[in-house]
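Reader: I should like to learn how to read the features of a model from its side chains. May we take them one at a time?

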Amino acid sequence: MKRDNRDYVIDCIKSSAIILMVIGHSIQLFNGEVYRGEKEFYDNILYKVIYSFHMPLFMLMSGYLYYFSRKKYISCFKNTIIKLSQYFVPILTFASIKTVWNIISSNKGGSFNIFHLLVEEVYNIFHVLWFLWAIIYSILIIELIYLVRNRMNVNIVITIILCFFFMTPDLLMGNVYKYTILYFGIGYEMNRKQLFKEMKTQKKTLFVGGAVWVLLILLYERKHYIYVSGFSLINSEYGMIEQFVIDIFRWGIGLAGALSVWGGFQLFFSYKQRKIADSIGRIMNFIGSNTLIIYSFSTEIFNEIMAELTEECTFSYIRTFVLGVGVIIICLIISYILGCRYMRPFRKALTGRSG
């Protein structure tokens, strides 16, 4: 059965984003303790390219897909509860795994402290799988806007939310949430308003977005990384005005890069070479349908293991790509095993879904 172009585009975007994420983490973590400690990866051109738009691309797609799930249920409250529970289950599971591991590795035969365990668990809940927390916060904001839209102008509500982002401290990884939530909303609106469906629009998206991204990447510096400069205007080491410019620049390059990739895939699957497109689409579908497992296992388990194994290494693109691809393959094998009949309860605990 043939799938439509939209499905292939969705699969390719999800797959491309997760592959870029793994390669980015490989550059950062798998090239030795010195390279990592001195943060030399910030100056790596490939790392700079990836981090300029891969998180926005992920969030655009997440918002785009959330519109489908919101339409699926008559009760928006029911939809919200279902989606939030799906995301919270893997957060709780991986937080518990990390807590037990940290307690065991630090205790080493000492006395067991239940209070320490609880504190560790609460900390880990809010620090593992941050991308899922970003989606959770995005969903809550979308539902808040829908809740008050008949009482307040939507533009005023959005302005208040943005002011809150700018004028509050970046607590509990608030910097990455403030940076990424906007893209979730844009992706949601893209689907709701059926934007970028015509080939003419897709071409404009590809070339205009691509041109803007190329121009901005030439200006990209260390301070433009969200992990370096943060997001809040309060107590920023760059001053309020420069920090505001950094935030807007970062939003702009992320949106330009993400939209150009989106438009590029839409155009590719609009061409007549269906055999090539179908082959690529099937491969990307396989990877794209396992993005959550690749994300969770790579970030919470394999990154730490690989970082320890490569502590004495120096930078190498070959090792970066080989280990990155290796991590993806291992995660796909784990996903296949978890798909077996008797492993489905474990899959539910690790992904929030049984299928």
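Author: Let us begin with K223, which counts as partly exposed at 21% relative accessibility. That label applies because the value lies between the limits of 20% for buried and 50% for exposed. Please keep in mind that this is a predicted model.

Reader: With which residue does the side chain of K223 meet in a salt bridge?

Author: The general idea is that side chains of opposite charge can pair when their charged atoms come close. In this structure the partner of K223 is E242, with 2.9 Å from N to O. K223 belongs to the loop between α9 and α10, whereas E242 belongs to helix α11 (residues 240–268), so the pair ties together parts that are 19 residues apart in sequence. E242 counts as partly exposed, at 32% relative accessibility.

Reader: How many salt bridges does a search of the whole structure find?

Author: The search finds eight. One of them joins R222 and D43, whose closest N and O atoms are 2.9 Å apart.

Reader: Why does the pair of R222 and D43 tie together parts of the chain that are apart in sequence?

Author: R222 is placed in the loop between α9 (199–217) and α10 (226–229), and D43 in the loop between α2 (33–37) and α3 (45–72), so the salt bridge ties together parts that are 179 residues apart in sequence. R222 is partly exposed, with a relative accessible area of 33%.

Reader: Which residues do salt bridges that share partners join into one network?

Author: Take the pair of E189 and K193, in which the closest N and O atoms are 3.7 Å apart. This still counts as a salt bridge because the cut-off is 4 Å. E189 is partly exposed at 26% relative accessibility, and K193 is partly exposed at 49%. The network joins E189, R192 and K193 through shared partners.

Reader: I turn now to aromatic residues. How is a pair of aromatic rings described?

Author: Such a pair is described by the distance of the centres and the angle of the planes. A search of the whole structure finds 32 aromatic pairs. Among them is the pair of Y137 and Y177, with 5.0 Å from centre to centre and 75 degrees between the planes. The pair is edge-to-face, because its angle is over the limit of 60 degrees.

Reader: Where in the chain are Y137 and Y177, and how many residues apart are they?

Author: Y137 is in helix α6 and Y177 in helix α8 (residues 174–192); they are 40 residues apart, and the pair links distant parts of the chain. Y137 counts as partly exposed at 27% relative accessibility, while Y177 counts as buried at 5%.

Reader: Which residues do ring pairs link into a cluster?

Author: The cluster holds F58, F88, F126, W130, F131, W133, Y137, Y177 and Y295. Y137 and Y177, discussed above, thus appear again as members.

Author: A further edge-to-face pair is formed by F315 and Y317, at 4.7 Å centre to centre and 85 degrees between the planes. F315 has a relative accessible area of 28% and is partly exposed; Y317, with 35%, is partly exposed.

Reader: Which residues lie over the face of an aromatic ring?

Author: R70 lies over the face of Y146, 3.7 Å from the ring centre. R250 lies over the face of Y179, 5.8 Å from the ring centre.

Reader: Let us consider the backbone. Is L129 buried or exposed, and what is its phi?

Author: L129 has a positive phi of about 45 degrees, although it is not a glycine. This residue sits in the loop between α5 (114–125) and α6 (130–148) and is buried, with a relative accessible area of 0%. N235, which is not a glycine either, has a positive phi of about 60 degrees. N235 lies in the loop between α10 and α11 and is exposed, with a relative accessible area of 76%.

Reader: Finally, which residues form a nonpolar patch on the surface?

Author: The patch consists of V325, I329, I333, Y336 and I337, which together have about 510 Å² of accessible area. I333 is placed in helix α14 (residues 317–338) and is partly exposed, with a relative accessible area of 47%.

Notes. Residues numbered from 1 in each chain as written. Predicted model: local features only at pLDDT ≥ 70, side-chain atom pairs only at ≥ 80, totals over all residues. Heavy atoms only, no water. Patch = residues over 30% accessible without salt bridge, like charges linked within 9 Å, V, L, I, M, F, W, Y side chains within 5 Å. Areas by Shrake-Rupley, 256 points an atom, 1.4 Å probe, with all protein chains shown as cover. Helix = DSSP H or I, 4+ residues; strand = E, 2+ residues; numbered from the N terminus. Buried < 20%, exposed > 50% of the residue type's maximum accessible area, 1.4 Å probe, protein only. Phe/Tyr/Trp six-rings, centres within 6.5 Å; stacked < 30°, edge-to-face > 60°. Lys NZ or Arg CZ within 6 Å of the ring centre and 35° of its normal.
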